Structures are given as structure tokens and as C-alpha cells.
Amino acid sequence: EWPIVRTRNGRMIKAEPMEWGVEENGRILAKIEQVPLRLAWAITVHKSQGMSLDEAVIDLNNVFEFGQGYVALSRVRRLAGLFILGWNERAFQVHPEVFSKDGSFRESSAKAADSLAKISAGNLKKEQEKFISACEGKSQIDRSAEPPRFHSGRTKKGGIDTCAETLVLWNKGETVSRIAKSRGLKNQTILNHIEKLVKKGKIKREDLLKIIDSSLSKSLSEIHAAFQNLGDRRLSPVFQQFKGKYSYDQLQIARIFYEK
């Protein structure tokens, strides 16, 4: 039998094999079938540094260095996701030198606050300007004096915006595949352009009907319902739900047609 996974909200899901494929022009280029599970492994506290985790089971029984406990506990984003198996005395201890430095920093901070409190507002502003200048920065006044910058609508290479080129061919009545072929691009890239142009109002949503064939037209409501139920606008989750029944191009066309 296939493994059963319990999600955070208590839902039970049987992890059955799923198939993923890469399709182009209706032809399957590659596909893979596997159980959609990722193995979980125990790691050391040192290995976990820099990670941000939703949940973690942490064993602090063998902590041997100051700060290890803090590093481990601070990996978890929220308290609800933290599970501690145990700890020793060293787990929550602060290094004596760090504790001493913290006292020095607090004392220096208090002295600096007292010194700043004695400076007039005018002199304080001058000191701030000097500091910004020393850091090779610009003050708010300097930045506001800069002329506004406008996007030229051109690519880095100086050519016409790539979406605009697609729009020109679209307005000539070209199909997605013909636009892609003439521009040396993939269908998905052209659909990305069309999606942006629809959002900008340069292509009317009803004009998309010319690229929706009869079979897809009958399935639009089904695909739209899948996007809504999953609460995810990405194509891959919907593709997986339908197990390859619809191509990525078809799913994207349906998304463009319904999405506001």
C-alpha cells in the first residue's frame, strides 16, 4: 500500500504515484512517474544555520557549546512549529564574554543617547548630513532634487519591448504558434506576453476565443474550478491534479481567460 500523509490541518492524503511531463506542440518530450514525497533527514545544529523552517523536532540533550541552543531554536518561524525532545544545562546558556560585551554595549548606548540629547536640533541635523556624506550617501533633500526617471519601454539591447512585438503580430491575426515560430520563441513565452497584455488592457479577454479550440472551450469551466479549489494560480499544481489531461499551454490559456 502507498504511504498516508497527515497534513498540518489534520487532512489524510494517500501518496500515490503521479506523473509529470514536458510537452511541446502536443508531443511529450519527457515524463517521470514517482511518489510525490520528499524524504526528511536529521541534521546537526551547525548544518541548520541560516535555515528558516515551519516545523522542527529539536533534541538539545547533547548541546556542548554556548549559543547552540539559540541557533537551533531560532530556525523555527513560530512557536507552534517547535517540538523539543529535551535539553541540558548548556542549551540555554550565554557565553560569559558575550554577556560581558552586552553590558558594555548597553552602557555605551546610554552615554551616546545622553550626548545626543544635549545637541540642538540644528546641529544634530548637520551631524547627520556629515555622516551621510562620509558614507558617500545622499540625503532626502538631495534625492528629491534628482529628476524623475521614466522607463523607455525598450529592452536592454535597445530593441522594441518584446511584448509589443507580440502584440503587433497578434493584431495581424497570427496564432500563438505562428507568432512563436516567427519570433524564434516558445509558445509558453508568447502566452506569457499575451497574459501581460491582457492585464494591461491591450488585448481584450474576448479576443482570446480565437485561440480556444472546441475541446478546450468545453473544459474551461472545469479548469477554472480547479484553479479556484486549489487557491493557486501556478500551472503545475493544476497540471498534476488533472494528471496530464491538459497541456500547460491549455491551462495557461484558461487561466488568462478567467483571471482578472
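In this predicted model, the lining of the second largest pocket comprises nine nonpolar, nine polar and five charged residues. The volume of this second largest pocket is about 550 Å³. Among the 23 residues that line the second largest pocket, those closest to its centre are Asn-25, Asn-187, Gln-188, Leu-191 and Asp-249. At least two lining residues are supplied by each of β3 (18-24), α7 (176-183), α8 and α11 (248-258).

Two of these elements, α8 and α11, also pack against each other, with their axes 10 Å apart and at an angle of about 5 degrees. Angles under 35 degrees count as roughly parallel, and α8 and α11 are therefore described as roughly parallel to each other. On the α8 side, the contact is formed by Asn-187, Gln-188, Leu-191, Asn-192, Glu-195 and Val-198. The residues contributed by α11 are Asp-249, Gln-252, Ile-253, Arg-255 and Ile-256. Classified by character, the contact of α8 with α11 contains four nonpolar, four polar and three charged residues.

Helix α8 (residues 187-199) has a further packing partner in helix α6 (residues 162-171): the axes of the two helices come within 9 Å and cross at roughly 90 degrees. This crossing makes α6 roughly perpendicular to α8. From α6, the residues in contact are Thr-162, Cys-163, Thr-166, Leu-167 and Trp-170. From α8, the residues in contact are Ile-190, His-193, Ile-194, Lys-196 and Leu-197. Six nonpolar residues, three polar residues and one charged residue make up the contact of α6 with α8.

The largest pocket encloses about 2000 Å³ of space. It is lined by 50 residues, of which Val-5, Arg-38, Leu-39, Ala-40 and Glu-55 are the closest to its centre. By class, 27 residues of the lining of the largest pocket are nonpolar, 11 are polar and 12 are charged. Strands and helices both take part: β1 (4-6), β2 (12-14), α1 (45-48), β5 (56-60), α2 (68-73) and α10 (235-241) each provide at least two lining residues. The greatest contribution to the lining of the largest pocket comes from β5, with five residues.

Confidence in the prediction was also examined. The average pLDDT of the chain is 83, and 91% of the residues score at least 70. Over residues 143-159, by contrast, the pLDDT is below 50. Beyond near neighbours in sequence, the stretch 143-159 has 10 contacts in the model.

Terms used. Residues are numbered from 1 along each chain as its sequence is written. This is a predicted model: local features need pLDDT of at least 70, side-chain atom pairs count only at pLDDT 80 or more; totals for chains, interfaces and linings use all residues. Side-chain values use heavy atoms; hydrogens and water are left out. Axes are lines fitted to C-alpha atoms, for helices over the stretch in contact, and angles run from 0 to 180 degrees between N-to-C directions. Helices (H or I, at least four residues) and strands (E, at least two) are DSSP runs, numbered from the N terminus. Angles under 35 degrees count as roughly parallel, over 145 as roughly antiparallel, 65 to 115 as roughly perpendicular and the rest as oblique. Contact means heavy atoms within 4.5 Å. Ala, Val, Leu, Ile, Met, Phe, Trp, Tyr, Cys and Pro count as nonpolar, Asp, Glu, Lys and Arg as charged, and the others, Gly among them, as polar. pLDDT is the predictor's confidence in each residue, from 0 to 100. On a 1 Å grid over the protein atoms alone, a cavity is a set of points where a 1.4 Å probe fits but cannot get out, and a pocket is an open set with protein on both sides within 12 Å along at least five of seven lines; lining residues have an atom within 4 Å of a point. Grid points are joined across faces, edges and corners, and a volume is the space filled by probe spheres set on the points.
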